[in-house]
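Let's take a walk through this structure together, with the model open beside the text. We'll go from the overall layout to the inside, and then out to a few residues worth clicking on.

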Amino acid sequence: MSLIIIWVHVSFLYPGVSLIFINLSKDRSFNITLSNAKPGDAGKPNYEFVGKQNREEYHLRALTGDIKDDIVCLNDVQMVQTDSEDIPAMDPKLVDASTPISIAAQSIAYVTIRDFEAPACV
């Protein structure tokens, strides 16, 4: 069984959208390609995905792949306290906007696209 949940939220502070992908499949990954809609006779789409800026991605998954694991990884960095009791930096992966978004099995991805423009986002 495969199941992917998607949530999209517009940004109110700056242009763009944020997307959350939750892949509940135990063994299936997904590649998501974003593009402008190609409406039939309805005219132009009411949004534009420019796709020139790098997008920011945060991928969260269990270290061993077992969703019950005590250690999670954010962009392949283990989220465990350092010896000084700090947490690792939670920097995004900057990804070429023209490439598909890859969602690994049993993972969560948070993606920010700064150059996605839609009237609802203004």
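Start with the empty space inside this predicted model. The count comes to 1 cavity of 30 Å³ or more, and the space in that largest cavity is about 30 Å³. If you want to find it, look for Ile32, Thr33, Leu34, Arg55, Ala97, Ser98, Thr99, Pro100 and Ile101, which line it. By class, that lining divides into 5 nonpolar residues, 3 polar ones and 1 charged one.

Now zoom out to see what surrounds that space. The chain has 11 strands and 0 helices, so to speak a β-β-β-β-β-β-β-β-β-β-β run when you read from the N terminus on. Of its 122 residues, 30% count as buried. Look at the contacts, too: taking those between residues at least 6 apart in sequence, 64% join residues at least 24 apart.

What makes up the largest nonpolar core? Twelve residues is the tally, given as 12 residues in all: Val10, Val17, Leu19, Phe21, Phe30, Ile32, Ile101, Ile103, Ala109, Val111, Ile113 and Phe116. Several strands meet the mark of at least two residues each supplied to this core, namely strand S2 (17–23), strand S3 (30–32), S9 and strand S10 (107–113). Two of the core residues, Ile32 and Ile101, may already look familiar, since both also turn up in the lining of the largest cavity.From the core, move to the open side of things. The largest pocket has a volume of about 210 Å³. Its lining takes in 16 residues, with His59, Asp76, Lys93, Ser102 and Ala104 lying nearest the centre. Strand S5 (55–62), strand S8 (93–95) and strand S9 (101–103) are the elements that give two or more residues to this lining, and S5 gives the most, with 5 residues. Sort the lining by class and you get 6 nonpolar, 5 polar and 5 charged residues.

Asp76, one of the residues nearest the pocket centre, deserves a click of its own. You'll find Asp76 in the loop between strand S6 (72–74) and strand S7 (77–78). Is Asp76 buried or exposed? Asp76 counts as exposed because its relative accessible area is 61%, and the cut-off for exposed is over 50%. The backbone of Asp76 is worth a look as well, with phi near 70°, a positive value in a residue other than glycine. Most residues other than glycine have a negative phi.

There's another positive phi to check in the loop between S9 and S10. That loop holds Gln106, whose phi is near 50°, again in a residue other than glycine. Ala105 lies in this loop too. At 22% relative accessibility, Ala105 counts as partly exposed, because buried would mean under 20%. Which residues does Ala105 touch, not counting those up to four places away in sequence? They are Asn23, Ser25, Lys26, Asp27, Arg28 and Ser29. For a sense of how the chain folds back here, try Ala105 and Ile22: they are 83 residues apart in sequence, yet 9.0 Å apart in space, C-alpha to C-alpha.

Lys26, one of the residues Ala105 touches, also gives us a route to another loop. The C-alpha atoms of Gly65 and Lys26 are separated by 8.8 Å, with their positions 39 residues apart along the chain. Gly65 is found in the loop between S5 and S6, and with a relative accessibility of 41% Gly65 counts as partly exposed.

Finally, head for the N-terminal part of the chain. Ile5 sits in strand S1 (residues 4–10). Ile5 has a relative accessible area of 38%, which means that this residue is partly exposed. Leaving aside neighbours within four places in sequence, Ile5 is in contact with Ile20, Phe21, Ile22 and Leu24. Phe21 is also a member of the largest nonpolar core. Measure from Ile5 to Asn23 and you'll get 6.6 Å between C-alpha atoms, for residues 18 apart along the chain.

One record entry covers this part of the chain and is good to know about. An unreviewed UniProt entry lists residues 6–24 as "transmembrane region". In the model, residues 6–24 are 0% helix and 63% strand, and the C-alpha atoms at the two ends of this stretch are 11 Å apart. Keep both the record and the model in view as you look at that stretch.

Technical notes
Residues are numbered from 1 along each chain as its sequence is written. This is a predicted model: local features need pLDDT of at least 70, side-chain atom pairs count only at pLDDT 80 or more; totals for chains, interfaces and linings use all residues. Side-chain values use heavy atoms; hydrogens and water are left out. UniProt positions are given in the numbering used here, feature names are shortened, and annotations may be inferred rather than shown by experiment. Helices (H or I, at least four residues) and strands (E, at least two) are DSSP runs, numbered from the N terminus. On a 1 Å grid over the protein atoms alone, a cavity is a set of points where a 1.4 Å probe fits but cannot get out, and a pocket is an open set with protein on both sides within 12 Å along at least five of seven lines; lining residues have an atom within 4 Å of a point. Grid points are joined across faces, edges and corners, and a volume is the space filled by probe spheres set on the points. Ala, Val, Leu, Ile, Met, Phe, Trp, Tyr, Cys and Pro count as nonpolar, Asp, Glu, Lys and Arg as charged, and the others, Gly among them, as polar. A nonpolar core is a set of buried Ala, Val, Leu, Ile, Met, Phe, Trp, Tyr and Cys residues joined through side-chain atoms within 4.5 Å. Buried means under 20% relative accessible area, exposed over 50%, partly exposed in between (1.4 Å probe, protein chains only). Contact means heavy atoms within 4.5 Å.
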